[in-house]
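Dear colleague,

I am passing on to you the structure that we spoke about, and below it I have written out what was found in it. Please keep the sequence and the 3D view open while you read, and look up each residue as it comes along.

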Amino acid sequence: MEQERTVRNPNQEEIAQKMKSIKQSLKNMQGLSGQKSVSYVDLCMFPHVHLPVGFKMPKFEKYDVYGDMIAHLKRYLNQLRGAGGKEELLMAYFGQSLIGIAFEWCMDQDISHWHIWDDPAQDFVRQFQYNMDIAPDRNSLTNFKKKASESFYEYVIKWREQAARVEPAMDEAKMVNVLLQAQEADYFQNMMPVIGKPFAKAIKIGEMVENDLKIGCIISQSALRATSQAIQSGSGGLASRKKK
């Protein structure tokens, strides 16, 4: 007995595809399990902007709300010279030059009013102008710590940029002393020879300490403390179990 086969005509196929597309759109609008939509169109800020053929994306210097905003914009534009000055490309990839709070700010922007490069640039400057208005002092420089995710060189360049804004200006010897005070124990103890040395020498010594910590020539005091605490915690737990 021959089974009947349902044959759709072209109009039925088109209607079915449209219904499927509508269902998917509704699903994206509602989100998954109450979350925001993760569709490409909703996540990508500039889905129709593409880099020129053969263009190699540069490794951007990242802005994280510290430092001169105008200097960062100049650096970003210079790094994207190969994009041919196309404003849609400058706007689309600006977020790639930001990190941390600055990046989160960019991702939350309503880009419907970004028509030319000046629009995001002006928004960026207005948002983080407070960083330029609040001039750093020696106390804030002492609290300006190196992040685990950045190299010593990256850190000290940012630190130096902030130090240049201190009023009255510090001489090089004072600057080196304040930099030393800003270091965690592992760096502070091993960078004492920088006292009285030029700032450039302090950078070199800091990089040497960083490398020695990585290869184990210098034992990290923070790592030793963490290990000691773990051992003590384990011993305490063992003693409690024995008493029971």
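**Salt bridges**

Arginine 126 forms a salt bridge with aspartate 123, and the closest N and O atoms of the two are 2.5 Å apart. Please bear in mind, here and throughout, that this is a predicted model. Both residues belong to helix α6 (residues 118–127), where arginine 126 and aspartate 123 are 3 residues apart, about one turn of the helix. An α-helix has 3.6 residues a turn, so residues three or four places apart point the same way. The two partners are nevertheless not alike in their surroundings: arginine 126 is exposed, with a relative accessible area of 57%, whereas aspartate 123 is buried, with a relative accessible area of 13%.

Salt bridges that share partners also join Asp64, Lys147, Glu150 and Lys158 into one network. Within this network, lysine 147 forms a salt bridge with aspartate 64, and their closest N and O atoms are 3.0 Å apart. Lysine 147 is in the loop between α8 (138–142) and α9, while aspartate 64 is in the loop between α2 (40–43) and α3, so the pair ties together parts that are 83 residues apart in sequence. Lysine 147 counts as partly exposed because its relative accessibility is 39%, and aspartate 64 counts as buried because its relative accessibility is 7%.

Aspartate 64 has a further partner in lysine 158, with 3.3 Å between the closest N and O atoms. This pair, too, links distant parts of the chain, since aspartate 64 lies in the loop between α2 and α3 and lysine 158 in helix α9, 94 residues apart. In the whole structure, the search finds 4 salt bridges.

**Aromatic rings**

How many aromatic pairs does a search of the whole structure find? There are 14 of them, and one is formed by tyrosine 76 and phenylalanine 94, which meet edge-to-face, with 5.3 Å from centre to centre and 70° between the planes. Tyrosine 76 is in helix α3 (residues 69–79) and phenylalanine 94 in the loop between α4 (87–92) and α5 (101–107), so that this pair links parts of the chain 18 residues apart. Tyrosine 76 and phenylalanine 94 are both buried. They also belong to one aromatic cluster, whose other members are Phe60, Tyr63, Trp105, Trp117, Phe124 and Phe128.

A charged residue is found beside a ring elsewhere in the chain: arginine 160 lies over the face of phenylalanine 199, at 5.8 Å from the ring centre.

**Helix α12 and what covers it**

Helix α12 (residues 199–215) has 17 residues and reaches 25 Å from its first C-alpha to its last, which is close to the 24 Å expected at 1.5 Å a residue. The buried residues of this helix are Phe199, Ala202, Ile203, Ile205, Gly206, Val209, Glu210 and Leu213, and what covers them includes α9 (152–163), α10 (172–181) and α11 (185–190).

Asparagine 211 is also found in α12, but this residue is partly exposed, with a relative accessible area of 40%. Although asparagine 211 and phenylalanine 152 are 59 residues apart in sequence, they are 9.6 Å apart in space, C-alpha to C-alpha. After α12 comes glycine 216, whose phi is positive, near 90°.

**Glutamine 162**

Is glutamine 162 buried or exposed? This residue, which has its place in helix α9, counts as buried because its relative accessibility is 5%. If its neighbours within four places in sequence are left aside, glutamine 162 is in contact with Tyr66, Gly67, Pro136, Leu141 and Phe144.

**Cysteines**

The structure holds 0 disulfides. Two cysteines are still worth finding in the view: cysteine 106 is buried, with a relative accessible area of 2%, whereas cysteine 217 counts as exposed, at 57% relative accessibility.

With best wishes

Conventions: Residues numbered from 1 in each chain as written. Predicted model: local features only at pLDDT ≥ 70, side-chain atom pairs only at ≥ 80, totals over all residues. Heavy atoms only, no water. Phe/Tyr/Trp six-rings, centres within 6.5 Å; stacked < 30°, edge-to-face > 60°. Helix = DSSP H or I, 4+ residues; strand = E, 2+ residues; numbered from the N terminus. Buried < 20%, exposed > 50% of the residue type's maximum accessible area, 1.4 Å probe, protein only. Lys NZ or Arg CZ within 6 Å of the ring centre and 35° of its normal. Expected span 1.5 Å × (residues − 1). Contact = heavy atoms within 4.5 Å. Disulfide = S-S within 2.5 Å. Salt bridge = Lys/Arg side-chain N within 4 Å of Asp/Glu carboxyl O.
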